[in-house]
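This report describes a ligand site and the aromatic residues of one protein model. Please consult the sequence and the structure shown here.

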Amino acid sequence: MLRAAAWGRWGLFHPCTGLSVRMTSSGIAEKGVLANQVAVITGSTNGIGLAIARRLAQDGAHVVVSSRKQQNVDRAVAMLQGEGLSVTGTVCHVGKAEDRERLVATALEHSGSVDFLVCNAGVNPLVGSTLGASEQVWDKILGVNVKAPALLLSLLLPHMENRRGAVILVSSIAAYMPQVELGAYNVSKTALLGLTRTLALELAPRDIRVNCLVPGFIDTDFSKVLCKNKAFFKNLKENVGLQRIGQPEDCAGLVSFLCSPDASYITGENIAVSGFSCRL
Ligand SMILES: NC(=O)c1ccc[n+]([C@@H]2O[C@H](COP(=O)([O-])OP(=O)(O)OC[C@H]3O[C@@H](n4cnc5c(N)ncnc54)[C@H](OP(=O)(O)O)[C@@H]3O)[C@@H](O)[C@H]2O)c1
């Protein structure tokens, strides 16, 4: 009884079902808090995106994973389905219009509508200064990191109507604290904070909330290149209050919360998951 109550209070992962379980006041266990809802997640075959996909599926959503490479999609889908989770997937390079259309079509196959969009895919093809970036690099960074989330959302929006859905963009603490090594990437991640607030305003009349996950330094393939820069890494570790590098799973719970009814009055926010507080 006590154990069941603890699960209910904290929405803990239920080891037998593979789903997180919350209890009603009557004590009757319900399926996960995101049950009967569909989530589309870009860049979700590895790192932070994969952790978010697993968490939303554990919380009961049907999850559509995606990334550029078919073998990565196949691997992620097989792994998550092997854990008993409701997951499908397709290739989607978010910078390609035809891929965005295919992602929407795949998502609609499940139940004809979509509740959540998590725009996690992001790139940084250049470690170097802003003024050292070529036009091609600028186009790639802004195209994938900033334009693609807006273009994908505009395709999905007609299928998110009347569902009290949520959109989560993924920025970076580089948005608040630009790093010299990250030039144009810093700029793209700051732009996402503006995109979050603008979309929140535009979509509020449709009861769709838009918020932003702002990861700190998280242990993924993406951040490996920065780990090799000893001065950067030392400086970073010294400034992280919790004295550790984050794990992808540290980001996933916030996204689940922002999708859930518990966040029904939260929109236009950017929330850091960074082991320290990086703004007022
Ligand atoms: N790790 C950090 O410290 C950190 C900190 C702040 C913010 N972030 C942000 O968090 C997000 C995820 O980063 P991560 O560290 O989890 O990276 P990651 O471990 O390298 O994973 C990236 C994922 O995105 C996919 N992907 C890459 N380019 C894509 C594109 N153009 N279209 C669609 N999918 C694409 C990759 O699969 P394919 O190769 O198959 O495409 C992979 O599934 C990014 O937006 C990043 O800017 C990360």
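How many aromatic pairs does a search of the whole structure find? The search finds one aromatic pair, where rings of Phe, Tyr and Trp (its six-membered ring) pair if their centres lie within 6.5 Å. Tyr185 and Phe222 form this pair, with 5.7 Å centre to centre and 45° between the planes. The pair is tilted, a class that excludes planes under 30 degrees apart (stacked) and over 60 (edge-to-face). Tyr185 lies in helix H6 and Phe222 in helix H7, 37 residues apart; helices are DSSP runs (H or I, at least four residues), numbered from the N terminus.

The model is predicted: local features need pLDDT of at least 70 and side-chain atom pairs 80 or more, whereas totals for chains, interfaces and linings use all residues. Residues are numbered from 1 along each chain, and side-chain values use heavy atoms, without hydrogens and water.

The ligand is surrounded by 30 residues, each with a heavy atom within 4 Å of it. The closest are Ser67, Arg68, Asn120, Tyr185 and Thr220. By class, this shell holds 12 nonpolar, 14 polar and four charged residues. Helix H7 gives the most to the shell, with three residues.

Oxygen atoms of the ligand also make polar contacts (pairs of N or O atoms within 3.5 Å), as tabulated below.

| Residue | Partner atom | Distance to a ligand oxygen |
|---|---|---|
| Ile48 | polar backbone atom | 2.8 Å |
| Lys69 | polar backbone atom | 3.2 Å |
| Tyr185 | side-chain N or O atom | 2.6 Å |

Conventions:
A polar contact is a pair of N or O atoms within 3.5 Å; within protein, one must be able to donate a hydrogen and the other to accept it, and residues adjacent in sequence count only if both atoms are side-chain atoms. Helices (H or I, at least four residues) and strands (E, at least two) are DSSP runs, numbered from the N terminus. Ala, Val, Leu, Ile, Met, Phe, Trp, Tyr, Cys and Pro count as nonpolar, Asp, Glu, Lys and Arg as charged, and the others, Gly among them, as polar.
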